[in-house]
Amino acid sequence: MVKAVIFDLDGVLVTTDELHFAAWKTLAERIGIKNFTRADNARQRGVSRMASLEVVLEKSDREFSDEEKTALAEEKNKMYVESLSALSRSDVLPGAFEFIEYIKSKGIKAAVGSASKNTPLILEKTGLADKFDAVSCGLDTVRSKPDPEVFLTAAKKLGVDPCRCAVIEDSNAGIEAAKAGGMYAVAVGAAEHAPKADISVGSLESLYKAMDIFA
Ligand code: B16
Ligand code: MG
């Protein structure tokens with residue numbers, strides 16, 4: 001039986017995925033890449049900032065030093081964080097608050113497992129900060145999804161055996177990370193057809209509605 005649910009953040013709980021895309025596209029254009037697409041952006045879902053930068057730089061004909069890469073990642077993050085200033089409760093995806101309340105009412109713990117180093121800021125701005133028993137994010141980890149580190153850290157903080165945790169993810173890398181950690185993997189949204197997922201749903205809202213029917 002599941003004793004904890006670990007929620008991915010970007011694309012599962014909040015709509016920050018569009019803000020990431022806008023900031024990466026602006027950066028890409030600034031360095032002369034005109035054809036940075038949504039398909040490229042899809043490969044950035046769930047992976048770290050530096051791994052996301054590599055997806056952008058693949059489209060450039062020039063080489064970048066480590067120092068330049070660090071500066072580019074900082075430049076993108078500055079734009080992204082500026083765009084987060086307008087973030088509010090209305091950016092929480094439909095069904096998220098309700099689903100968190102639902103699992104808590106069943107005695108199931110809730111945690112966040114996100115690659116983002118901006119997780120504390122995003123949780124604060126969206127009114128989600130006090131909803132979780134534990135938060136594990138890019139600030140706690142050194143390895144990026146599909147490595148299971150971020151989810152295993154969440155399970156450890158919760159004091160729940162990984163095999164009793166379910167992960168809800170919108171990225172293929174995150175689904176692979178959940179399975180690598182021995183957890184149950186629920187794919188939502190963009191990850192709906194992830195091959196390794198245990199179950200797939202269109203959104204957190206549809207998952208919540210399905211639970212509610214059997215409550
Ligand atoms: P940051 P998640 C991930 O969040 C994003 O999906 C991914 O696009 C981003 O590169 C990564 O966080 C790092 O974010 O630059 O804010 O540290 O889906 O794991 O919640
Ligand atoms: Mg995500």
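Are Asp8 and Asp10 buried or exposed? In this predicted model, Asp8 is buried, and Asp10 is buried too. The views below start from these residues and move on to the two ligands.

**View 1. The magnesium ion (ligand 2) and its donors.** Three residues coordinate the ion: Asp8 through OD, Asp10 through O, and Asp170 through OD. The coordinating atoms sit at 2.0 to 2.2 Å. If you trace the donors along the chain, their spacing reads D-x1-D-x159-D. Of these donors, Asp8 and Asp10 are the buried pair from the opening question.

**View 2. The surroundings of ligand 1.** Here 18 residues surround ligand 1, and the closest are Asp10, Ser114, Ser116, Lys117 and Asn118. Asp10 may look familiar, as its O also coordinates the magnesium ion. Sorted by class, the shell holds four nonpolar, eight polar and six charged residues. The space that ligand 1 takes is the largest pocket.

**View 3. Polar contacts to oxygen atoms of ligand 1.** Zoom in on Ser116, where an N or O atom of the side chain is 2.6 Å from an oxygen atom of ligand 1. For Ser114, a polar side-chain atom lies 2.7 Å from a ligand 1 oxygen. Lys145 also takes part, with a polar side-chain atom 2.8 Å from an oxygen atom of the ligand. On its own, ligand 1 exposes 470 Å², and the protein buries 98% of that area.

Definitions and conventions: Residues are numbered from 1 along each chain as its sequence is written. Chains are lettered from A and ligands numbered from 1 in the order in which they are written. This is a predicted model: local features need pLDDT of at least 70, side-chain atom pairs count only at pLDDT 80 or more; totals for chains, interfaces and linings use all residues. Side-chain values use heavy atoms; hydrogens and water are left out. A residue is near a molecule or strand if one of its heavy atoms lies within 4 Å of it. A polar contact is a pair of N or O atoms within 3.5 Å; within protein, one must be able to donate a hydrogen and the other to accept it, and residues adjacent in sequence count only if both atoms are side-chain atoms. Accessible areas come from the Shrake-Rupley method with a 1.4 Å probe; for residues, only the protein chains shown count as cover. On a 1 Å grid over the protein atoms alone, a cavity is a set of points where a 1.4 Å probe fits but cannot get out, and a pocket is an open set with protein on both sides within 12 Å along at least five of seven lines; lining residues have an atom within 4 Å of a point. A molecule sits in a cavity or pocket if more than half of its atoms lie within 2 Å of its grid points. Ala, Val, Leu, Ile, Met, Phe, Trp, Tyr, Cys and Pro count as nonpolar, Asp, Glu, Lys and Arg as charged, and the others, Gly among them, as polar. Donors are N, O and S atoms within 2.8 Å of the metal (3.2 Å for Na, K and Ca); water is not among the atoms, so sites may look incomplete. Buried means under 20% relative accessible area, exposed over 50%, partly exposed in between (1.4 Å probe, protein chains only).
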